[in-house]
Structures are given as structure tokens and as C-alpha cells.
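Reader: I'd like a close look at how one pair of packed pieces in this model sits together, and at a residue that ties in with that part. Please keep it friendly, since I'm only in my first year.

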Amino acid sequence: MKVKLLLSVLLLMVIIAGSILLEQEVLRLHAVVVNGCETRPPEEVTALADVAYGESIFAIKLEDVKANVERSPYYRVDGIKRLYPDKIQVSVHERRPRAVVLFMGAYLIMDEEGFVLEIRQDKGYAQCPMVSGLKIETYGVGQQVRSSDGLQVPAMKEVLLALERQDVTRYVSQILMDNAVDIRMMTTDGYRVMLGDADQLDGKLGWLVKTLGALRSEGLYGGTVYVSAANASYLPLDAGAQTEGTQEGDFLWPDQGNGLPVATPGDAEPNAATPSDIAPDGAALGSATDEESAQSGD
């Protein structure tokens, strides 16, 4: 009995000594593994984590690591865990500049959810569409802009994500969001685009891509493209803006020779707008003056 007891004590001592040795020599933090970076270097996340290498992996407070990484507005931590014996894995969502808003003399660089990444005195490197018409109440770096119109930011998110999915963001210079159910855009080469609401955007943008390709191949530039999930129509600059009394699907002008009927929707339709609603060449968005309208009709 005494021999068995002695052996048991010795075994327990060996286990305790082995555990101490394991923690001291093996279970020490040697690396931070980063997942989720797309355009920014993972070393940036590693530096933000601010961990003490060589420290016991059990002494590392994961909630502190998460808070450290999220000090940067460019990252949201989606998951963090220990990878035994000597690593911590941090999974991040990288926020990327998707839109620029000029507000009170400053440029707000935002992701698709209206999360402010930077506030600059110039647009700088951000090659993103300018978004106008947001009724901003509060904003700040590391915060989501808040609009007095609860529909605007969710609708903007849907538009920006759809532009990315369809790979057309680089062709859009301006997005007018003053009315979340009557969204309008300007392309970099001068077409006005009437999207209507934020529903079925992939279908609408699919038609937009096809339509713009056909127009460019025919040498038709400028004017307004109306898109729905089912079709698209084109209003040249000199065709006027006859909106009253029309119904959905009415085509007011003949085929232009490229298979694209031209039309403008009636006032009752979500897309109803005139070609002067979006100003070209980076000018302020809004209704054109009488003089501008007269010039476009010459």
C-alpha cells in the first residue's frame, strides 16, 4: 500500500512538473495569425494587436486583443481564438473605402455601411463615388453616419455593394441619395442613370452595363439611362423631358438604330425624373437652371 501511495505521489509530481515545464517552454505566444485582410497587410493587424510575445498563451486576454485591433476604423474583429500550443488567430473584416461624402467642408471617407474611416480636407487617394443628399445628423471617425432619413444609409449600402458585385464601381462618379426610392447616379463618362429604389439592383445594373456598352458602340454619349430589373431605356440629351401622362413601358421616341428604345417614365413611376437632375463634370447635384436646360435642348 505504501509503495502504491509513493508511486501515486511521484506520478502526480511528474505531471505537475511537466505541466509547469509545458507552460513555461511550450505554451508561450510565438505568433499571431491574421485572416481576412484583402488590401491591407496582415502585419498591420499584428501590430495593432499589441501582444507580448513569449508570454503564457493563457495570460493573453483575448478581449483586450480585440479592442486593440478595433482601435483602427479599418478593421472589425469577427473572431479571435487561441491556436495551441503557441499562436492566437484573429479573423477580421477589412473595411474598405466605398464612398466619399462632402459634408461641412470636409470629405468623409466611408465604407458601404456609412462607417467613417477618415475625415480629410481633400478627397485624396479614395477612388470612390461621391455620395450626395444624405441628411447627416451625426458622424465621426470610427462611427457610422446617422441620417435623419432612416432609409438612406441602408439604401446606400445596397447600391454600393451591388456596384461592387457587378464590378462597375469604377465607372460611377456620383450617387444622389436625397430620395432613397429615387436613386440617381452619374457615370464617369457623363451618362445620367435613374435607378429608382434599392430593390433588384443586380438586375438593374446588369441592364445598365449592357445598355452603356451598346450606347458607346454607337457613339451615343450623354443623356439619361432608365433601368429596371426587366429592361432599360435611353433618353438622349436633346430629346426633351416629357414625363407627364406617360405610363410604365411607354416608349416616346423611336428606336435609335441600336435596338434600344428611348423613353422617360411617368410621374407615378419610381424612376420618374428629368435628365437635368444630375449635373455633369462634378458640379453640384440638383435641378438644372432654366439656362442649363435651354442649352441642353439646343
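**Where two helices cross**

Author: H4 and H5 cross in a right-handed way; that is, the near helix is turned clockwise from the far one by less than a right angle, while anticlockwise would be left-handed. Before going on, a quick note: this is a predicted model, where local features need pLDDT of at least 70 and side-chain atom pairs count only at pLDDT 80 or more, while totals for chains, interfaces and linings use all residues. Residues are numbered from 1 along each chain as its sequence is written, and side-chain values use heavy atoms, with hydrogens and water left out.

Now, the pair itself. Two packed helices are described by the angle between their axes and the distance between the axes. Helix H4 covers residues 152-165 and helix H5 covers residues 201-217; they pack at an angle of about 50°, with their axes 10 Å apart. That makes H4 oblique to H5 (under 35 degrees would be roughly parallel, over 145 roughly antiparallel, 65 to 115 roughly perpendicular, and the rest is oblique). The axes are lines fitted to C-alpha atoms, for helices over the stretch in contact, and angles run from 0 to 180 degrees between N-to-C directions. Helices here are DSSP runs of H or I with at least four residues, strands are runs of E with at least two, and both are numbered from the N terminus.

So who touches whom? From H4 come Glu 158, Val 159, Ala 162, Leu 163 and Arg 165, and they meet Leu 201, Asp 202 and Leu 205 of H5; contact means heavy atoms within 4.5 Å. This contact is made up of five nonpolar residues, three charged ones and no polar ones. (Ala, Val, Leu, Ile, Met, Phe, Trp, Tyr, Cys and Pro count as nonpolar, Asp, Glu, Lys and Arg as charged, and the others, Gly among them, as polar.)

Next, the residue that ties in: Arg 98, in the loop between strand S3 (87-94) and strand S4 (99-103). With 15% relative accessibility, Arg 98 counts as buried (under 20% relative accessible area is buried, over 50% exposed, in between partly exposed, using a 1.4 Å probe and protein chains only). Its side chain makes a polar contact of 2.9 Å with the side chain of Glu 164. A polar contact is a pair of N or O atoms within 3.5 Å; within protein, one must be able to donate a hydrogen and the other to accept it, and residues adjacent in sequence count only if both atoms are side-chain atoms. Leaving aside neighbours within four places in sequence, Arg 98 also touches other residues, including Leu 160, Cys 128 and Pro 129.
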